[in-house]
Amino acid sequence: MPAHVFLPITLTLPALQPARGRPRTRLPASDPVKAERRSSPEVAERVRPLTRGQVADRLEELGDLYAETSGGDEWAWNQARATFLLHLAADARRPGFSLLIAETTALTGYAYGFPAAGAGPWWAGSGGHVGGSLLRRPAPGGLFVVSGIVVPPRVRREYKDQVWNLARRLQRRLLAGHGAALGVTLVDARDARTVETMRSWGWRYAGDDTLPAVPLAVPPGPFRLLVLAPGT
């Protein structure tokens with residue numbers, strides 16, 4: 001059973017099912033220094049944006065990495081890939097959509113999102129779970145919706161508080177590239193693994209004491225509104 005439910009308003013993270021499909025390359029951990037940095041080496045993994053045309057050209061590759069990091073058997077792999085690509089293609093049509101990839105000699109991860117100003121259907125689809133104070137909040141640079149982060153499972157397990165963690169690098173660059181005042185995302189509150197992962201990467205509940213100057217309403221119901229300060 002998938003650990004993540006795809007809805008138009010919720011964050012996309014790979015489900016991390018037990019891997020029984022394609023083999024993955026594992027780096028040796030005998031050297032302590034190399035072992036510490038294998039989660040997301042600062043130099044080896046170059047982060048850069050893709051244009052909309054490049055995203056369209058590389059959809060198959062993006063889908064492969066998502067399914068590969070999700071794990072599961074061949075049936076689960078194909079199902080996760082097909083569902084994910086539908087949602088990525090829909091997000092890619094939103095105004096201001098941006099996708100960053102990390103790569104060495106191959107694709108290693110990516111993150112994407114769009115400015116909230118151009119996200120009417122995203123907010124409308126929340127079914128009233130996003131408080132009005134969020135929509136009216138005046139902020140130079142505005143809000144940026146981070147709608148997907150796809151990284152290898154080890155990035156979710158190891159060195160999550162380090163600035164060089166790949167997920168942190170990607171989300172930080174997304175916000176900086178748009179001059180956003182705040183990153184926002186919605187997570188299904190029943191998906192404890194995703195909530196825990198996002199909080200380990202610096203995301204906080206709206207109204208958290210760590211963000212005293214951000215008067216955002218916490219949505220009721222099954223969703224949790226998470227926010228990310230620039231530079232986190």
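**Exercise 1. Find where Tyr159 sits in this predicted model, and work out what is unusual about its backbone.**

Step 1: Locate the residue. Tyr159 lies in the loop that links α7 (153-157) with α8.

Step 2: Look at its backbone angle. Its phi is positive, about 50 degrees, even though Tyr159 is not a glycine. Most residues other than glycine have a negative phi.

Step 3: Classify its exposure. Tyr159 has a relative accessibility of 34%, so it counts as partly exposed; that class spans the range between 20% and 50%.

**Exercise 2. Decide whether Ser98 is buried or exposed, and list what surrounds it.**

Step 1: Place Ser98 in the fold. It belongs to strand β2, which covers residues 98-103.

Step 2: Apply the cut-off. Buried means under 20% relative accessible area. Ser98 has 14% relative accessibility and therefore counts as buried.

Step 3: Collect the neighbours. Leaving out residues up to four places away in sequence, Ser98 touches Ala111, Tyr112, Gly113, Phe144, Leu174 and His178.

**Exercise 3. Trace the sheet from edge to edge and describe how its strands pair.**

Step 1: Write down the order. The open sheet has 7 strands, arranged β1-β2-β3-β4-β5-β7-β6, with mixed pairing. Its edge strands, β1 (46-50) and β6 (204-205), each pair on one side only.

Step 2: Examine β2 and β3. Strand β3 (residues 107-115) is antiparallel to β2, and 6 bridges connect the two. Within this pairing, Leu99 has Tyr112 of β3 as its bridge partner.

Step 3: Move to β7. It runs antiparallel to β5, with 6 bridges between them, and Thr185 stands opposite Leu226 in β7. β7 also pairs with β6 in the antiparallel sense, over 2 bridges; here Leu226 is the bridge partner of Tyr205.

Step 4: Check how covered β7 is. Of its 6 residues, 5 are buried.

**Exercise 4. Identify which strands α3 lies across, and which ones α9 touches.**

Step 1: Start with α3. This helix (residues 59-70) lies across β2, β3 and β4 (143-150), and runs at about 110 degrees to β3.

Step 2: Turn to α9. Helix α9 (residues 192-200) packs on the sheet and touches β4, β5 (182-188), β6 and β7 (223-228). The directions of α9 and β5 make an angle of about 160 degrees.

**Exercise 5. Work out which elements build the largest nonpolar core.**

Step 1: Find the best-connected members. The largest core has 23 residues, and those touching the most other members are Val146, Ile149, Val151, Leu170 and Met198.

Step 2: Assign the contributions. At least two residues each come from β2, β4, α8 (166-178), α9 and β7. The largest share, 5 residues, is supplied by α8.

Step 3: Zoom in on Val151. Beyond four places in sequence, its contacts are Thr69, Thr108, Arg156, Leu166, Ala167, Leu170 and Trp201.

Step 4: Note the other core. A second, separate core holds 17 residues, among them Val55, Leu62, Leu65 and Ala92.

**Exercise 6. Judge where the prediction is most and least confident.**

Step 1: Take the overall picture. The average pLDDT of the chain is 74, and 64% of the residues score at least 70.

Step 2: Find the extremes. Confidence is highest in β2, at 95, and lowest in helix α1 (residues 32-37), where the mean is 46.

Step 3: Flag the uncertain stretches. Residues 123-129 stay under 50, and the model gives them 15 contacts beyond four places in sequence. Residues 209-219 are also below 50, with 27 contacts beyond near neighbours in sequence.

How values were computed:
Residues numbered from 1 in each chain as written. Predicted model: local features only at pLDDT ≥ 70, side-chain atom pairs only at ≥ 80, totals over all residues. Heavy atoms only, no water. Helix = DSSP H or I, 4+ residues; strand = E, 2+ residues; numbered from the N terminus. Buried < 20%, exposed > 50% of the residue type's maximum accessible area, 1.4 Å probe, protein only. Contact = heavy atoms within 4.5 Å. Pairing = 2+ DSSP bridges. Axes fitted to C-alpha atoms, helices over the stretch in contact; angles between N-to-C directions. pLDDT = per-residue confidence, 0-100. Core = buried A, V, L, I, M, F, W, Y, C linked by side-chain atoms within 4.5 Å.
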